[in-house]
Amino acid sequence: MPRPLEALIHLDALHHNLQRARECAPDASVWAVVKANGYGHGLQRVYEGLRAADGFALLDIAEAQKLRELDWRGPILLLEGVFDARDLEWCSRLGLWHVVHCDEQIDWLAAHKTEWPHRVFLKMNTGMNRLGFKPHAFRSAWARLSALTQVDEISLMTHFSDADSPRGIAHQLAVFQQHAGDLSGERSLCNSAGTLRYASDPAVRGDWVRPGVMLYGAAPDYPEHDATHWGLKPAMTLQSKIIGIQHLEAGDTVGYGSRFKADKPMRIGAVACGYADGYPRHAPDGTPVLVDGQRTGLVGRVSMDMMCVDLSHLPEAQMGSTVTLWGIAPHHGDHAAQLSIDEVAHHCGTIGYELMCAVSPRVPVQVLNHPYP
């Protein structure tokens, strides 16, 4: 028997979450953002669940090539543009659209020999201060691109830094509209948080929205709102089993460093999952897990291949009981219990994005074409 840890990818959830993005941004086209290997779910695995998107957005030409090999013939957008002038040859060959965020990328385009003009997305830095032209330089960049025979259509974009927080988007939207309002070209402004919270406004949703983490069933503004609030379904379940049981007396400790010390008799279970599988080593005592669909918590430090959970209040839990680290638990009774990846991440001082992207390659993956369980 293989080790009883696996990740389940729910294609029905991906399809559902994509539809939620469309409902939040009526009349806009939708980029399905699949960077970081489909946010850790596997690019090839999520393709079937997201192929109803209008386009795919990612970072790497190798991943773009994989999409073409999967027979995707629609738009593919390189979100950071090209990293070298030679990458433009691949853009021509694979028919890739790409972001332009600096003068060097315009220089490379000007020197590029191609029979097919490129579709580009000109990025304005409206306050995120990672990539993009400063507002005062944006118009001249647009003019330079417009003069190039190597460029076909120019779309305009920016990225919201605070769409998931109380500061919101008004300050960046004002800058974008001030410096790009009269320029021609389609607009793309909204990430997941922007799509969920603000895309009902036509001026915000523009022509393309770029949902990422929401497609995978996590809430970008947790803990203010959870995935259920936004009508999202988890696209990944990480589940294992109890592989050992110990009975503790008061004063006994658990795990490396004896971080957890029992203050009463306890029954604990060892779970086949550890930090080598991508579960965070720094997860504190009490981090939630589900055992046979019932909530309990982590005890002791997570080790490379195992972690321990409290079974004291779960008398029916035994060797082989199913442990849901996040996602959807198998049915035990009338309803399947869920454990939000955002809640687990919040206990660990991080975000759901990191947990889903960190699942180790050694974890077997099963793709489900039907609702689970």
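A residue counts as buried here when its relative accessible area is under 20%. In this predicted model, Trp31 passes that test, and so does Trp208. Phe121 is another buried residue, and these three rings turn out to be partners.

Ring pairing is a good place to start, with a count of 11 aromatic pairs. Take Trp31 and Phe121: their rings meet edge-to-face, with 5.9 Å from centre to centre and 70° between the planes. Trp31 belongs to strand E2 and Phe121 to strand E6 (residues 118–123), so this pair ties together parts that sit 90 residues apart in sequence. Trp31 also pairs with Trp208, but here the rings are stacked, at 4.2 Å centre to centre and 20° between the planes. That second pair links distant parts of the chain too, since Trp208 lies in strand E9 (residues 208–209), 177 residues away from Trp31. Add Trp97, and ring pairs join Trp31, Trp97, Phe121 and Trp208 into one cluster.

Trp97 has a charged visitor as well: Arg119 lies over its face, 4.1 Å from the ring centre. A similar arrangement shows up at Trp90, where the charged end of Arg93 sits over the ring, 4.4 Å from its centre.

Now for a helix. H1 (residues 11–24) has 14 residues and reaches 20 Å from its first C-alpha to its last, close to the 20 Å expected. Its buried residues include Leu11, Leu14, Leu18 and Ala21. In an α-helix, residues three or four places apart point the same way, because there are 3.6 residues a turn. The buried residues of H1 pack against several elements, among them strand E2 (29–33), the strand that holds Trp31.

Conventions
Residues numbered from 1 in each chain as written. Predicted model: local features only at pLDDT ≥ 70, side-chain atom pairs only at ≥ 80, totals over all residues. Heavy atoms only, no water. Helix = DSSP H or I, 4+ residues; strand = E, 2+ residues; numbered from the N terminus. Expected span 1.5 Å × (residues − 1). Buried < 20%, exposed > 50% of the residue type's maximum accessible area, 1.4 Å probe, protein only. Contact = heavy atoms within 4.5 Å. Phe/Tyr/Trp six-rings, centres within 6.5 Å; stacked < 30°, edge-to-face > 60°. Lys NZ or Arg CZ within 6 Å of the ring centre and 35° of its normal.
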